[in-house]
Amino acid sequence: MRSSTLGLVPFFALFGCASPTPAPAPNDAQEINTDSGALSDAQEINTDAPSPADVPSDTGRRYEPEPFVPTDATRAYCAGRDAAAIEARITGLLQTLTPTQKRSLMAGAALGRTEDVWLVRGVPALGIPGFRMIDGPRGVAVLPPLRATAFPTAMLRGASWDPSLEERVGAAMANEALSAGATVLLAPTINILRHPRWGRAQETYSEDTTHMGSMAVGFVRGVQSRGVLATLKHFAANSIENTRHRVDVRMDPRTLREVYLPHFRRAIHEANASSVMSAYNKLDGLYCDNNRQLLTEILRDEWGFQGFVVSDWVLGTHGATPALTAGLDLEMPSPLEFAMIPTEIANGALSERDLDRAVRRLLRAQFCFGLDARTVTRMPELRETMAHLALAREAAQRSIVLLKNATIDTAPVLPLDASRLRTVVVLGRSAAVANIGDYGSSAVPPSSVVTTLDGLRARAAGAFDVVHIASSTLDAASLAAVRAASAVVIVTGSLHSDEGEATLGAGDRASLALAAEEVALVRAAVAENPRTIVVLESGAALETASWDAGVAALLWAGYPGSQGGHAIADVLFGAVEPSGRLPFSMPVREADLPPFDNTSERVTYEFLQGYRHLQQQRTAPRFAFGFGLSYSSVRYESITLATPDAASSAPETSIEATVTVRNTGARRARETVQLYVSATASTTVRAPRDLRAFSQVEIAPGATVTVPVRFALRDLAVYDTTARRMVIEPTTYELQAGPDSERATLRATLTVR
Ligand code: BGC
């Protein structure tokens with residue numbers, strides 16, 4: 001690693017956070033009723049200073065809160081609102097609120113939910129609304145009998161590679177959150193998919209920080225455009241389920257700064273994410289909620305984050321003093337640890353200033369996002385609207401990945417042509433079940449689910465027969481039906497019983513293998529009928545190489561949401577062009593990936609994961625990160641770079657490559673142009689290539705288009721462990737454009753001086 005003395009240029013601006021100095025322990029105050037914050041009481045609330053009658057008595061108390069001068073960062077956080085007035089109002093409230101009231105703002109109200117939401121009571125008499133939280137990220141996690149739109153899981157939406165589509169999904173989810181009486185959506189999950197056996201793989205977007213950051217920025221913008229607060233979770237390095245409450249994740253500083261954190265920073269800087277949830281696990285020996293380096297030095301001091309940090313639930317807070325002094329502001333779902341705050345103030349470990357710091361951040365979020373002026377009303381009719389169901393279907397259509405499409409008798413097997421089909425036989429354990437994801441905190445109950453069988457039947461509409469065989473072992477009659485079919489569709493992969501959030505669900509996957517009886521079913525079908533199509537549903541990568549050779553077509557459909565069956569049929573029949581691209585690598589075998597040990601109390605995360613690891617090992621994947629076929633074909637023709645020289649001292653410089661691509665096929669194509677960067681002359685350890693930008697374009701048959709793909713010079717930065725800053729190394733960078741991580745063959749050179 002080079003140090004800054006060798007000419008590397010530090011650039012991440014440091015924003016200061018007011019750091020209150022310790023003050024003498026104040027008197028405690030009497031217990032007051034902070035009100036239930038019930039649904040109707042967030043009506044147009046007067047935000048002026050309370051009248052004396054509203055102020056709880058706190059006999060003899062004289063308390064002067066620290067003054068707070070808004071910074072550029074606070075003003076940016078409060079976009080559109082008067083930050084100075086809000087900070088002054090908070091200062092007044094800190095003077096007025098008793099310590100007991102402050103504590104009540106700093107923890108959830110109950111271990112369970114109150115009318116679907118996790119409640120953080122406010123102080124309505126003082127115009128403080130509190131928070132009403134509900135889980136995402138595949139929709140709004142209302143409790144049955146209430147219903148909400150089950151969108152495709154985030155990993156499948158990640159395969160859309162379309163942040164603007166994700167922004168629409170975020171806005172729709174926020175509308176549904178509001179209709180459930182919530183003001184905070186506990187999403188997005190943006191933990192790097194270090195290994196596809198992670199039980200919550202389905203909840204996140206990617207194995208890659210650039211792709212993850214772009215999707216997160218889209219989602220957060222969408223959610224917050226509706227006045228709902230988005231929560232980035234779980235900060236940080238939460239990528240193992242079974243030991244999530246205790247595992248100590250170790251990694252070197254570069255791995256942390258370059259792989260596990262940049263997407264969090266981007267969602268804060270580019271989308272003004274309001275809040276962050278600390279992770280359950282330890283990072284480098286300290287529980288994340290106790291990790292001052294993470295919650296204060298990086299998040300606040302370096303990134304200038306002005307929002308609040310909420311704990312993960314129940315087992316996510318480890319002691320009031322260590323958590324508060326590290327930078328945690330809110331314990332959820334109730335004050336299991338924060339109940340000790342009065343004792344710790346009494347013994348001098350904490351001061352009221354420590355409470356003020358947290359309360360200021362919590363109030364800032366409430367006032368800057370206008371929660372005090374919001375009427376919270378439960379309106380179930382605003383969920384599962386026609387528009388939201390259509391969006392769920394569109395998100396699945398745009399994300400399903402076509403992995404293989406063999407040619408039989410001179411034509412590719414897909415798309416299917418309804419006019420040429422007599423019978424389609426449908427097999428597989430996921431064909432006729434509502435397979436929309438795990439049973440963990442992100443579970444969403446839709447009114448109904450369109451299974452693949454339903455989708456195919458709707459598509460057939462009498463034009464051909466759809467025969468469903470439910471058994472995974474085929475008797476003689478079933479084999480004959482398979483043999484005689486015009487095509488066979490097997491819907492298989494994982495179920496909620498294979499993977500999911502721990503405690504509430506299955507936890508980590510036992511392996512990447514498809515269940516043995518399903519492999520046997522695929523083989524049996526392939527032996528009878530060459531037109532066997534497999535639709536794979538799962539959180540992330542499964543191993544297919546041992547059985548996919550004879551399969552005519554293969555698709556990855558994640559957990560496709562309540563409209564998934566329609567979307568799968570749309571893709572199979574070419575009603576939409578397949579445009580999904582894998583947001584993870586599918587290895588030939590699990591052993592090709594870094595080891596995954598979900599029993600150990602301690603694990604070291606390596607610098608290279610996913611495609612970065614496979615490429616370093618020179619191990620070809622079965623299907624590469626970024627890969628996906630379409631029904632057309634696209635040729636990458638050229639790349640040009642407007643400014644092939646740049647100065648490392650100007651980190652915001654935009655680097656724009658123009659990539660020319662031609663649709664050489666007969667159908668419309670939606671192509672995702674991916675731009676990877678290598679720095680082979682660098683003396684720093686690097687991945688063989690890193691995704692740094694991507695851009696999507698629709699191309700008419702025969703047309704040639706030029707696609708601008710942009711990134712900022714700062715995106716090339718690496719963490720200098722000596723200077724302890726992100727720095728841009730002056731060296732030669734090779735920009736590599738192409739359709740996926742293995743075929744980025746167009747090359748251009750960028751020299752950074
Ligand atoms: C999960 C969080 C979730 C919270 C509330 C925790 O177990 O890790 O992601 O937001 O529960 O449901």
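Student: Which residues of helix α8 are buried?

Tutor: The structure is a predicted model, in which local features need pLDDT of at least 70, side-chain atom pairs count only at pLDDT 80 or more, and totals for chains, interfaces and linings use all residues. Residues are numbered from 1 along each chain as its sequence is written, and side-chain values use heavy atoms, with hydrogens and water left out. Helix α8 covers residues 262-269 (helices are DSSP runs of H or I with at least four residues, strands are runs of E with at least two, and both are numbered from the N terminus). Buried means under 20% relative accessible area, exposed over 50% and partly exposed in between, with a 1.4 Å probe and protein chains only; in α8 this applies to P262, H263, F264, R265, R266, A267 and I268.

Student: Why does N191 count as buried?

Tutor: N191 belongs to the loop between β4 (184-186) and α6 (209-225). Among the residues that N191 touches, beyond four places in sequence, are K233, H234 and F264 (a contact has heavy atoms within 4.5 Å). N191 counts as buried because its relative accessibility is 2%.

Student: How far is a polar side-chain atom of H234 from an oxygen atom of the ligand?

Tutor: H234 is listed with D135, R200, D312 and E501 as the closest of the 13 residues that surround the ligand, each having a heavy atom within 4 Å of it. For K233, a polar side-chain atom is 2.9 Å from a ligand oxygen (a polar contact pairs N or O atoms within 3.5 Å; within protein, one must be able to donate a hydrogen and the other to accept it, and residues adjacent in sequence count only if both atoms are side-chain atoms). For H234, the corresponding distance to a ligand oxygen is 2.7 Å.

Student: How much of the ligand's accessible area does the protein cover?

Tutor: The side chain of E501 also places an N or O atom 2.9 Å from a ligand oxygen. On its own, the ligand has 310 Å² of accessible area, a quantity obtained by the Shrake-Rupley method with a 1.4 Å probe. Of this area, the protein covers 94%.

Student: What is the length of the polar contact between the side chains of E499 and Y559?

Tutor: E499 is located in the loop between β16 (487-493) and α16 (516-528), and its relative accessible area of 1% places it among the buried residues. A polar atom of the E499 side chain is 2.7 Å from the backbone nitrogen of G539. Between the side chains of E499 and Y559, the polar contact is 2.5 Å.

Student: Which helix gives the largest share of the largest nonpolar core?

Tutor: A nonpolar core is a set of buried Ala, Val, Leu, Ile, Met, Phe, Trp, Tyr and Cys residues joined through side-chain atoms within 4.5 Å. The largest has 115 residues, and F131, M133, L185 and F235 touch the most other members. Its largest share is 8 residues, which come from helix α12.

Student: What is phi of W161, and is W161 buried or exposed?

Tutor: Most residues other than glycine have a negative phi. W161, in the loop between α4 and α5 (163-179), has a positive phi near 50 degrees. With a relative accessible area of 1%, W161 is buried.

Student: What is omega of the peptide bond from G136 to P137?

Tutor: Most peptide bonds are trans. P137 lies in the loop between β3 (128-135) and α4 (154-158). The bond from G136 to P137 is cis, with omega near -5 degrees.
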